[in-house]
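Thanks for sending this one over. Here are my notes, set out as numbered points to read with the model open beside you.

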Amino acid sequence: MPETIRPKSDFLAVLAERGFLHQCSDLARLDAKAKSGDLVGYIGFDCTAPSLHVGSLIQIMMLRWLQKTGGKPVALIGGGTTRVGDPSGKDESRKLLNEKTIEANKAGIQRTFARFLRFGAGKTDAIMPDNSEWLLGLNYIDFLREVGRHFSVNRMLTMDSVKLRLDRDQELSFLEFNYMCLQAYDFVELHKRYGVNLQMGGSDQWGNIVIGIDLGRRMGTAQLYGLTSPLLATASGAKMGKTAQGAVWLDADMLSVYDYWQYWRNAEDGDVGRFLKLFTELPLAEIARLEALRDLEINEAKKILATEATALLHGRAAAEQAAETARRTFEEGALAETLPSVDIPRRDFAAGFGVLAAFVRAGLVGSTGEARRQIKGGGLKVNDAPVEDERATLTEADFVNGFIKLSLGKKRHVLLRPED
RNA sequence: GGGGGAGUGUCCCGAGCGGCAAAGGGGGCGGACUGUAAAUCCGCUGGCUAUGCCUUCGUAGGUUCGAGUCCUACCUCCCCCA
């Protein structure tokens with residue numbers, strides 16, 4: 001459907017040609033709105049973790065493009081909804097996060113946004129409100145009378161997210177059912193407070209967004225718009241953002257710049273073009289050239305993807321350093337002292353540091369048992385030599401240029417750094 | 001309210017005559033092959049101070065030399081009837 005209309009606004013043109021568009025509530029009028037330059041778009045983010053991960057990157061990029069094409073981006077933090085706890089996590093005893101944790105998480109997430117968006121008080125400067133500002137003070141009866149009467153249960157029952165659960169006889173709690181109401185209310189409230197007129201999100205948010213638009217109409221706001229991005233999966237169908245080591249975090253404290261670079265470097269061939277369009281700002285002509293590369297040559301495109309995507313998040317210098325670290329490690333087989341490292345007190349090596357414990361400490365394996373198994377399978381190396389004996393120990397004699405290099409498989413490396 | 005069924009390795013799905021660290025998948029990790037890719041093949045996929053010890057099958061008790069397996073109560077979910 002995006003192909004049928006040629007957007008006239010820069011914003012929608014960019015989204016369409018770079019592959020961000022999935023659904024849109026009223027493409028033509030939204031296009032006109034964007035062209036007139038008073039588009040204020042928001043996307044909601046949870047703050048259940050101290051950092052966002054790659055799964056949110058596509059949304060962040062949409063906000064970034066919005067700002068770059070003359071709109072105002074609003075990154076809504078779900079401080080209020082986080083306090084309730086996302087009920088979709090099955091029977092997983094939803095841990096209620098305390099206020100302090102939520103505040104800390106917010107701070108972490110804000111750091112990431114500051115990389116992609118320009119915050120401030122100007123017309124197109126980004127803002128980051130928190131829905132706890134209006135949700136926590138809600139009075140149930142008042143809410144029902146003023147807002148609740150505008151929700152049509154008939155309509156809500158036809159929403160995919162609801163229908164799916166009902167059809168499969170899966171429980172849908174009242175709390176969950178209300179989740180979309182709160183989100184719809186957020187939209188209207190953001191419109192009143194900040195003039196927000198567009199909500200964006202992943203395709204799974206479509207229903208919630210539409211309900212918000214409806215609510216706005218019934219409550220007499222100006223016309224609101226909705227737009228979703230496609231659900232991202234890798235070419236072989238896996239969900240994005242999860243790797244062996246867990247989520248691909250955007251905060252450098254939770255995932256090193258080097259590992260972030262590696263994540264993109266290891267993209268599948270079939271994903272390179274799409275990822276370049278979504279997660280870098282290279283011109284489309286350049287991307288077309290890169291994605292046409294085949295076989296060995298596509299590795300060059302992957303390196304560019306990794307460096308460009310990393311540069312957006314961590315800065316050009318850090319990205320180039322990660323690229324250089326990878327080059328030394330993989331292409332020269334040399335020891336790059338810029339690999340991720342772990343500090344170990346020097347005295348631990350005096351009596352010999354057990355290899356099993358060393359790999360656990362480096363975070364490459366989760367337990368000594370796993371280390372043992374990996375040794376059996378030939379997966380662990382110390383200074384590039386396979387570990388044969390699980391009882392081996394590391395001593396001062398093993399230091400090469402001041403480090404001991406531990407490897408899991410061919411790709412994951414960590415340096416042990418003695419600490420006095 | 002009555003009747004019937006189900007909850008299994010804390011990633012998921014799922015088998016399990018009283019001897020079980022528990023079949024089989026998926027996913028993940030490692031190895032081989034490659035290009036730090038995909039596909040394919042092989043191995044691994046509770047913890048530890050490790051020829052042994054500890055902890056796991058919804059929860060709590062009980063029977064037994066021994067319980068995921070039998071009994072009792074409870075919790076949660078599903079189906080049928082009212």
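1. Which part of RNA strand B does a polar side-chain atom of N266 lie 2.7 Å from? The partner is a sugar or linking oxygen of the strand. Please keep in mind throughout that this is a predicted model.

2. Two further side chains can be listed with N266, and both point us to phosphate. A polar side-chain atom of S367 is 3.0 Å from a phosphate oxygen of RNA strand B. For K411, an N or O atom of the side chain is 2.9 Å from a phosphate oxygen of the strand. As for the elements behind this surface, α12 (257-265), α15, α16 (316-331) and α18 (368-376) are those that give two or more residues to it.

3. Now the RNA surface as a whole. There are 30 residues around RNA strand B, and D269, R372, R373, Q374 and K410 come nearest. Helix α18 supplies the largest share of this surface, with five residues. By type, the surface holds eleven charged, eleven polar and eight nonpolar residues. On the RNA side, 68% of the strand's atoms within 4 Å of the protein belong to sugar or phosphate, and the rest belong to bases.

4. Helix α16 deserves a look of its own. With 16 residues at 1.5 Å a residue, α16 should span 22 Å, and its end C-alpha atoms are 21 Å apart, so the two values agree. Its buried residues are A319, A322, T325, A326 and T329. Viewed down the helix axis, the buried residues of α16 fall within an arc of 120°, which means they line one face of the helix.

5. What lies over those buried residues? The cover for the buried residues of α16 includes α12, α15, β13 (404-408) and β14 (412-419). Just after α16 comes G333, which takes a positive phi of about 70°.

6. Last, two backbone angles to check on your screen. Most residues other than glycine have a negative phi. D295, however, is a residue other than glycine with a positive phi, near 50°. D295 sits in the loop between α14 (284-291) and α15 (298-314), and it is exposed, with a relative accessible area of 64%.

7. D384 is the other one: its phi is positive, about 70°, although it is not a glycine. Look for D384 in the loop between β10 (380-382) and β11 (385-386). Is D384 buried, partly exposed or exposed? Its relative accessibility is 43%, so D384 counts as partly exposed.

Conventions: Residues numbered from 1 in each chain as written. Chains lettered and ligands numbered in written order. Predicted model: local features only at pLDDT ≥ 70, side-chain atom pairs only at ≥ 80, totals over all residues. Heavy atoms only, no water. Helix = DSSP H or I, 4+ residues; strand = E, 2+ residues; numbered from the N terminus. Buried < 20%, exposed > 50% of the residue type's maximum accessible area, 1.4 Å probe, protein only. Near = heavy atom within 4 Å. Polar contact = N/O pair within 3.5 Å; in protein donor to acceptor, adjacent residues only side chain to side chain. Nonpolar A, V, L, I, M, F, W, Y, C, P; charged D, E, K, R; others polar. Expected span 1.5 Å × (residues − 1). Arc of directions from axis to C-beta. Contact = heavy atoms within 4.5 Å.
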